[in-house]
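Student: Could you take me on a close look at a single part of this model, the helix packing and the empty space around it? I would like one connected walk-through rather than a list.

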Amino acid sequence: MNLPYDDKTCGWYAALPPPRPVKTLRGDQVADYVVIGAGFAGLAAARRLASHEPEARILLVDAQRVAEGASGRNSGFVIDLPHKFALEHPDPAHKQRLLGLNRAAIAQLQSLIEAHGIDCQWSHAGKYQGAVGERGLAYLAHFEKLLSDLGEPFHSVDGAALQKVLGTSHYRRAVFTPGCYLMQPAALVRGLGDSLPDNVELLENSPITRLERDGRGGYVLHGSNGTIRTRRLLLGTSIFTQEFGYLKNRLLPVMTFASWTAPLNEAQCQRYTGRFDWGLTPADHAGTTVRMTQDRRLIIRNTYKHVPKYGRSIDDAVRARIRADHRKAFLARFPDLTDVPFTHTWGGVYAISRNFTNFFGPLEDGVFASACDNGVGAAWGTISGTLLADLAVGADSAQLRDIQAVTGMPSRNPPEPFLGLGVRSRIKLAAWNSRSEL
């Protein structure tokens with residue numbers, strides 16, 4: 001089994017204080033419900049199960065510490081709008097369902113942040129979608145049309161007004177949409193883990209290496225130092241779902257990379273002419289994401305890799321090349337900040353499908369999963385995990401029917417080596433076509 005193997009250079013996680021003492025899986029355990037994966041989906045599922053079943057024993061198990069995995073490694077956007085590909089769906093009702101689900105997730109996260117005092121730089125900052133060259137401008141015009149068709153508010157920002165926001169003249173134009181929230185993902189995920197209900201037991205650094213039926217309608221989960229027996233299993237394991245034998249040959253493991261700077265000092269802030277606390281995604285999806293955080297760090301995210309062995313597919317030499325590419329993108333945008341160093345470069349693995357379809361629902365009797373977020377994990381993970389718990393306990397709702405209407409089965413992948421060749425070729429072609437936006 002290929003287990004999570006993330007690098008230890010995630011800036012978000014490094015900025016956190018030391019975690020509380022770890023509790024691991026030991027001995028033979030029995031639980032009413034087990035949730036594997038303590039990212040956005042697993043945390044939401046465990047919390048909702050606890051609400052439905054306050055007397056039940058619920059175990060939430062993760063192979064790493066909470067916030068070390070993919071949920072703590074994204075760029076910190078919680079986006080209300082459907083993803084770029086979903087925005088092109090021909091059915092307006094499909095898009096409205098996605099919009100409603102995403103906004104429900106945002107409301108849920110905000111409520112938890114307020115209730116538990118989670119310090120995660122949560123901000124209703126909106127989002128800019130930016131274009132550098134003619135290719136980006138064409139994508140931006142298409143994005144505006146899709147937003148108009150959806151009836152969603154936006155406004156165009158260009159010239160001096162855009163430069164005052166971003167502190168760079170690199171972008172020709174951007175479209176601002178108001179519904180996005182920004183946050184520190186590792187801080188948010190850890191805060192959610194630290195505030196779980198009393199009947200949820202969190203077991204970290206406890207990889208599950210084997211799953212088997214027990215012959216009595218339940219399952220036995222095997223770890224290095226213990227086992228868990230349960231009749232109900234919820235998988236919030238994203239790309240790793242296939243390691244348990246489910247959705248095999250239907251998920252594509254992709255890693256995207258980011259670098260961030262040290263916080264700007266006072267002299268550097270004087271040279272930086274933009275605002276603090278903003279986020280920009282590229283109009284061309286293969287372009288560069290840029291953020292300025294509340295604590296005055298600039299983030300550059302681009303570069304995609306097909307990673308069939310997840311983190312083990314990437315070594316230090318690859319990370320060094322990616323960091324150099326990020327530096328070029330940074331200096332192209334902020335030439336007056338050449339003395340601002342990068343302090344961390346990291347990658348995060350997520351699952352995409354060839355038909356851009358998210359999986360949600362039962363895998364077999366007693367086993368449920370939300371898998372394949374297609375790169376929009378914060379909002380989708382939160383709402384899909386919540387509703388997966390509803391499904392597991394038989395609690396119907398309009399939202400549950402909505403998520404069932406917009407999900408399906410990810411399409412089957414071609415066999416290796418054709419899959420790897422095809423994915424790598426498409427990534428290289430996208431990077432070449434989008435070079436003006438990098």
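Tutor: Happy to, and let me begin with a cut-off: a residue counts as buried under 20% relative accessible area, as exposed over 50%, and as partly exposed in between. Please keep in mind that this is a predicted model.

With that scale in hand, start at arginine 97, which is found in helix 4. Its relative accessibility is 29%, so arginine 97 counts as partly exposed. Leaving aside residues up to four places away in sequence, arginine 97 touches Asp402, Ala405 and Val406. Alanine 41, by contrast, is 56 residues from arginine 97 in sequence, and the two C-alpha atoms are 19 Å apart in space.

Now follow helix 4 itself, residues 92-116, to where it packs on helix 10, residues 377-393. The axes of the two helices are 8 Å apart and the angle between them is about 90 degrees, which makes helix 4 roughly perpendicular to helix 10. On the helix 4 side, the contact is made by Leu98, Leu101, Asn102, Ala104, Ala105, Gln108 and Leu109. Facing them from helix 10 are Ala378, Ala379, Trp380, Thr382, Ile383, Thr386 and Leu387. By class, the residues of this contact divide into 10 nonpolar, 4 polar and no charged.

Some of these names come back when we turn to enclosed space. Searching the whole structure for cavities of 30 Å³ or more gives 1, and the largest cavity holds about 50 Å³ of space. Its lining consists of Phe40, Leu43, Ala44, Arg47, Gln108, Leu109, Leu112, Leu192 and Thr382. Two elements, helix 2 and helix 4, each give two or more residues to that lining. Helix 2 gives the most, with 4 residues. Sorted by class, the lining of this cavity has 6 nonpolar, 2 polar and 1 charged. Gln108, Leu109 and Thr382 appear in this lining and also in the contact of helix 4 with helix 10.

Leu192, another residue of the cavity lining, leads us to helix 7. In helix 7, residues 185-194, 9 of the 10 residues are buried, so this helix is largely enclosed by the rest of the structure. The buried ones are Pro185, Ala186, Ala187, Leu188, Val189, Arg190, Gly191, Leu192 and Gly193. They pack against helix 1 (11-14), helix 2 (40-52), helix 4 and strand 9 (200-203). Helix 4 therefore turns up again as one of the packing partners of helix 7's buried residues, as it did in the cavity lining.

For your backbone checks, let us finish with a loop and a pocket. The loop between strand 13 (233-235) and strand 14 (252-261) holds serine 238, and leucine 247 has its place there as well. Most residues other than glycine have a negative phi. Serine 238, although not a glycine, has a positive phi of about 50 degrees. Phi of leucine 247 is positive too, near 55 degrees. Leucine 247 has 8% relative accessibility, so it counts as buried.

Finally, the second largest pocket has a volume of about 260 Å³. It is lined by 15 residues, with Gln242, Asn249, Leu251, Glu416 and Leu419 lying nearest its centre. That lining divides into 7 nonpolar, 5 polar and 3 charged residues.

Definitions and conventions:
Residues are numbered from 1 along each chain as its sequence is written. This is a predicted model: local features need pLDDT of at least 70, side-chain atom pairs count only at pLDDT 80 or more; totals for chains, interfaces and linings use all residues. Side-chain values use heavy atoms; hydrogens and water are left out. On a 1 Å grid over the protein atoms alone, a cavity is a set of points where a 1.4 Å probe fits but cannot get out, and a pocket is an open set with protein on both sides within 12 Å along at least five of seven lines; lining residues have an atom within 4 Å of a point. Grid points are joined across faces, edges and corners, and a volume is the space filled by probe spheres set on the points. Ala, Val, Leu, Ile, Met, Phe, Trp, Tyr, Cys and Pro count as nonpolar, Asp, Glu, Lys and Arg as charged, and the others, Gly among them, as polar. Axes are lines fitted to C-alpha atoms, for helices over the stretch in contact, and angles run from 0 to 180 degrees between N-to-C directions. Angles under 35 degrees count as roughly parallel, over 145 as roughly antiparallel, 65 to 115 as roughly perpendicular and the rest as oblique. Contact means heavy atoms within 4.5 Å. Buried means under 20% relative accessible area, exposed over 50%, partly exposed in between (1.4 Å probe, protein chains only).
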